[in-house]
Amino acid sequence: MRRLSSSVCSPSSHRLNPVTSMATGSNSLIWFRKGLRVHDNPALEHASKASSGSMYPVFVIDPRYMEPDPSAFSPGSSRAGVNRIRFLLESLKDLDSGLKKLGSRLLVLRGEPGEVLVRCLREWKVKRLCFEYDTDPYYQALDFKVKEYASSVGVEVFSPVSHTLFNPTDIIQKNGGKAPLSYQSFLKIAGEPSCAESELVMSYSSLPPVGDVGSIGVSEVPKLEELGYREDEQDEWTPFRGGESEALKRLNNSISDKAWVANFEKPKGDPSAFLKPATTVLSPYLKDVKKHTSPPVSLLGQLLWREFFYTTAFGTRNFDKMKGNPICKQIPWKEDHDMLAAWRDGKTGYPWIDAIMVQLLKWGWMHHLTRHSVACFLTRGDLFIHWEQGRDVFERLLIDSDWAINNGNWMWLSCSSFFYQALPTPYVSIVSLLMLHILRRCFSGGGFQYNRIYSPVSFGKKYDPEGKYIRHFLPVLKDMPKQYIYEPWTAPLSVQTKAKCIVGKDYPKPMVMHDAASKECKRKMGEAYALNKKMNGNIGDDDLKDLRRKLETDEESNIRNQRPKLN
């Protein structure tokens, strides 16, 4: 991967007055969106070098994402939980601090981003607009409008690919105009990223000054309260702080243990390790040791998985939906708002599942294997609820929420896409064999891969037999003996009383019984797969409705047959 330069500019070289020149000459505007960083930012580098006048660093607060929504199920806006909003504000504050040390500052504006940008380009006499390329549909549509206006008034646009290692368009073109649908085919097509041989710009002696902002209302980075939220909005905040400085600190702390980085193997992470997470992204340092794991399970492999999901998401219409999505199996998921709410709020009656969801609500983060557990439980494992609904909860609450990866993983874990794609015949390598091994281990069990289900009891117990993770996030169970901590409903009433936790009163009874529910889910998945195969994926709304009715009728019949007969 690219080599990191560790040089740091000294404070004495910084110009501290951020607004010093008028908007004359060749002015540049750097529009920050996801890449809230000074280091390794090609758009910022181009804007600073190409500007002979002023440079305007801009971030636009979009009310759609930031305005409080009292009707939402958790504190936050209609689209983002308050943890995500707070994390963003911390990141903006850190970016502003970094820019001020270099004689610049962050200009925060509010409004519909496209309209705000057009006004800025016009009023500040901007000749060069720079921003990081984004593959998300929302930004694709927004960027088209902004670039169209810029072109009409002679503003140069520089939009480099720097959020990903590869340009998804290039990968799709190399693959005959279609997104590769397996990790192995992606690796074969992608090759080595063009950035692998390039040096990163990790420091500046200074940046061009900010020009006169005129009549456009700009502000400093707002505090949470200034957006209409309260610091006591929730009883516990995520322990992860936002900002480039914090990211670099975590990077430097982690890479000191090169053996750990080299031997990182994703499936072997401990999902119950919440105080010191067992995952990170440090693949550039794999070359510093003699022996290390390989993709797809290594740190490098995890970066490439990210690239794979980004490329497939970019090249697939309706990637964030089941309907109209050509790579997604059509499954008659049921709608049950009460069940969804119980799962979302950590009230399923399964402590392992509930503790994970409480961690998500409080921290906005959880280990990837815990994400797998709750996603499987909601969809094909126990509740048979649509993956889109689980995706929406994750998108709102995760501080690391990412459109492409979130949708891709939900399709994968609900067995709706990706996992069943065949390996390309010409490409059989170590990577392919490793991938096959993982798929067989994760989804074995005979027949189709959906038969392998994460147990809401035994999976967590394997990693944390004492139940420390559960006791931390579900204090109502803190005194439950370890032999009952994963299944408190099996504890005798005397034990529940002593533990001050009566199941059905202080803690919910299980909303479903896992063995029966998972068996029913497998039956439904089998019927859905059979219909997809029969109709070659061309399933309409009526077909799904008919199958849903059949599945519900069969389920009712099974329940009747399982009832004890009266003499």
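**Close-up views of a predicted model**

**View 1. Two helices help to line the second largest pocket.** In this predicted model, α20 (514-534) and α21 (541-562) each hand over at least two residues to the lining of the second largest pocket. The biggest share comes from α20, with three residues. How much space lies in this pocket? About 480 Å³. The lining is made up of 22 residues, and the ones nearest the pocket's centre are Cys-328, Lys-329, Asn-532, Asn-536 and Gly-537. Sort the lining by class and you get nine nonpolar, nine polar and four charged residues.

**View 2. A cavity lined by residues that include Ser-74 and Leu-397.** The count of cavities of 30 Å³ or more comes to four, and here we zoom in on the second largest, with a volume of about 60 Å³. Its lining is formed by Ser-74, Pro-75, Gly-81, Val-82, Asn-83, Arg-84, Gln-234, Leu-360, Leu-361, Gly-364, Arg-396 and Leu-397. Which elements give two or more residues to this lining? They are α3 (82-100), α12 (351-363) and α14 (387-397). Top contributor is α3, with three residues. As for class, the lining of this second largest cavity has five nonpolar, five polar and two charged residues.

**View 3. Helices α12 and α14 pack against each other.** Two of the helices from the cavity view turn up again here. If you're new to helix packing, a pair of packed helices is described by the angle between their axes and the distance between the axes. For α12 and α14, the angle is about 40° and the axes are 9 Å apart. That angle makes α12 oblique to α14. On the α12 side, look for Met-357, Leu-360 and Leu-361; they meet Val-393, Phe-394 and Leu-397 in α14. Class by class, this contact has six nonpolar, no polar and no charged residues. Leu-360, Leu-361 and Leu-397 also belong to the cavity lining in View 2.

**View 4. Helices α4 and α5 pack with a right-handed crossing.** Helix α4 covers residues 113-123 and helix α5 covers residues 137-152. They pack at an angle of about 25°, with axes 10 Å apart. Are they roughly parallel or roughly antiparallel? Angles under 35 degrees count as roughly parallel, so α4 and α5 are roughly parallel to each other. From α4, the residues Pro-113, Gly-114, Leu-117, Val-118, Leu-121 and Arg-122 meet Tyr-138, Leu-142, Val-146, Tyr-149 and Ala-150 in α5. This contact divides into nine nonpolar residues, one polar and one charged.

Technical notes. Residues numbered from 1 in each chain as written. Predicted model: local features only at pLDDT ≥ 70, side-chain atom pairs only at ≥ 80, totals over all residues. Heavy atoms only, no water. Axes fitted to C-alpha atoms, helices over the stretch in contact; angles between N-to-C directions. Helix = DSSP H or I, 4+ residues; strand = E, 2+ residues; numbered from the N terminus. Parallel < 35°, antiparallel > 145°, perpendicular 65-115°, else oblique. Left-handed = near helix turned anticlockwise from the far one by under 90°. Contact = heavy atoms within 4.5 Å. Nonpolar A, V, L, I, M, F, W, Y, C, P; charged D, E, K, R; others polar. 1 Å grid on protein atoms, 1.4 Å probe; cavity = no way out; pocket = protein on both sides within 12 Å on 5 of 7 lines; lining within 4 Å. Points joined across faces, edges and corners; volume = space filled by probe spheres on them.
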